[in-house]
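Subject: Structure for you, with notes

Hello,

Here is the structure I said I would pass on. My notes follow below it.

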Amino acid sequence: MTDGKPTIGLALGSGAARGWAHIGVIQALEAAGIRPAMVAGCSIGALVGAGYAGESMDKLEAWARGIRSWDVMRLLDVRLGGGLIEGDNLMRSLAKQVEPVDIEKLRVPFAAVATDLEAGREVWLREGSLMDAVRASIAVPGLMSPVRNEGRWLVDGGLTDPVPVSLCRALGADVVIAVNLNSDLVGRHIRDIRGAARHDTDNDSGLRKWVDGLDERFLDGRIGKWLEERGKDEPTPGMLDVMAGAINIMQDRITRSRMAGDPPELLISPKLSHIGLLEFERAAETIEVGRKAAERALEGSDLVGEEPEA
């Protein structure tokens, strides 16, 4: 705090494709005259946070809005090693949108959270390559291969701190605005499976098409045929339904626990259960949901009209 003015920090949570909502949140904050002085991010929150700290938001938004379904397939390079996706194509594309600099050179203080796979501890990435920090933070176990860093294997920070409020305070924030993208996701996949017209309404269609293509390419469609036979009498959750559902439950419970001990001064929780795990092509819709959620959260907030320390 300087001259009685609070230093405002922004904690951006995990959420895969739902993370484009962070862009809308930042737009709403800036429209209200709130310019966070530092940003901490987890997973997709680390990516958008890197764009904000690196002053590349316009470029990142334009890229996100331009993504189409076939682009998602192209960016998700299959290797079948430590995860289904290696991530090289994605990171090469992102490096063209967000300036690949060292974190220490950013004008806005930034940090990303990852998880040490062996020790089970969260790791705060506050120096070194910005894009390396993002890559480690987005490494969803089973989906994207882990990252080797200083003798450690790092994976998605959502395993230990999905909404990094404490990291934001460690950067120097007096007031933390946190964005939780996963507040309404628990049980969604199972409810979808039980729906009478699941194949017409499935919100993970982009992900399912990608997996179906993988099945046809490598396994001659055997997984799909087996699941079809198994599901004649009663629909059975598929592999990715189970994985996504498990991640949602885990992150919801961890987020509740962490924020009970260290609650943010303002919590923004966009309702994004209709956006699938890898539906990155729905950026325009997701950004708008984030913007509206932030506007609602700011109504009557003491932060509106303040002159934050920048």
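Arg65 is partly exposed, with a relative accessible area of 37%. In this predicted model, the side chain of Arg65 meets that of Glu61 in a salt bridge, with N and O 2.8 Å apart. Glu61 counts as buried, because its relative accessibility is 14% and the cut-off for buried is under 20%. The two residues are 4 apart in helix α3, so about one helical turn separates them.

A search of the whole structure gives 14 salt bridges. Another of the bridges has a similar layout in sequence: Asp252 and Arg256 are 4 residues apart in helix α12, about one helical turn. Their closest N and O atoms are 3.0 Å apart. Asp252 is buried, at 6% relative accessible area, and Arg256 is exposed, at 54%. Elsewhere, Glu288, Arg291, Lys292 and Glu295 are joined into one network by salt bridges that share partners.

Arg169 and Asp262 form a salt bridge as well, with 2.8 Å between the closest N and O atoms. This pair links distant parts of the chain, 93 residues apart: Arg169 is in helix α7 (residues 165-170), and Asp262 is in the loop between α12 (239-261) and β10. Both ends are partly exposed, Arg169 at 24% relative accessible area and Asp262 at 22%.

Next, the aromatic residues. The structure holds 2 aromatic pairs. The ring centres of Trp20 and Trp63 are 6.2 Å apart and the planes stand at 85°, so this pair is edge-to-face. Trp20 sits in the loop between β1 (8-12) and α1 (21-31), while Trp63 belongs to helix α3 (residues 57-66), so the pair ties together parts 43 residues apart in sequence. Trp20 is buried at 1% relative accessibility. Trp63 is buried too, at 16%.

Trp20 also pairs with Phe280: the centres are 6.1 Å apart and the planes at 70°, so this pair is edge-to-face as well. Phe280 lies in the loop between β10 (266-268) and α13 (283-298), so here the parts tied together are 260 residues apart in sequence. Phe280 has 18% relative accessibility and counts as buried. Through these ring pairs, Trp20, Trp63 and Phe280 form a cluster.

Trp63 turns up again in the surroundings of Gln97. Leaving out residues up to four places away in sequence, Gln97 touches Ser56, Lys59, Leu60 and Trp63. Gln97 lies in the loop between α5 (88-94) and β4 (110-116) and is buried, at 11% relative accessibility. A polar atom of the Gln97 side chain is 3.0 Å from the backbone oxygen of Ser93.

Asp88 is in helix α5. Its relative accessibility is 36%, which makes Asp88 partly exposed. Between the C-alpha atoms of Asp88 and Arg135 there are 9.4 Å in space, for a separation of 47 residues in sequence.

Arg135 is one of the buried residues of α6; the others are Leu130, Met131, Ala133, Val134, Ala136 and Ser137. With 7 of its 8 residues buried, helix α6 (residues 130-137) is largely enclosed by the rest of the structure. At the start of α6, a side-chain oxygen of Ser129 comes to within 3.5 Å of the backbone nitrogen of Met131.

How many disulfides does the structure hold? There are 0 disulfides. Among the cysteines, Cys42 is buried at 0% relative accessible area, and Cys168 is buried, also at 0%.

Last, a word on confidence. The mean pLDDT of the protein is 82, and 75% of its residues reach 70 or more. Over residues 193-204 pLDDT stays under 50, and the model has 22 contacts beyond four places in sequence for this stretch. Where pLDDT is low, the predicted coordinates should not be read in detail.

Regards

Note on methods: Residues numbered from 1 in each chain as written. Predicted model: local features only at pLDDT ≥ 70, side-chain atom pairs only at ≥ 80, totals over all residues. Heavy atoms only, no water. Buried < 20%, exposed > 50% of the residue type's maximum accessible area, 1.4 Å probe, protein only. Polar contact = N/O pair within 3.5 Å; in protein donor to acceptor, adjacent residues only side chain to side chain. Contact = heavy atoms within 4.5 Å. Phe/Tyr/Trp six-rings, centres within 6.5 Å; stacked < 30°, edge-to-face > 60°. pLDDT = per-residue confidence, 0-100. Disulfide = S-S within 2.5 Å. Salt bridge = Lys/Arg side-chain N within 4 Å of Asp/Glu carboxyl O.
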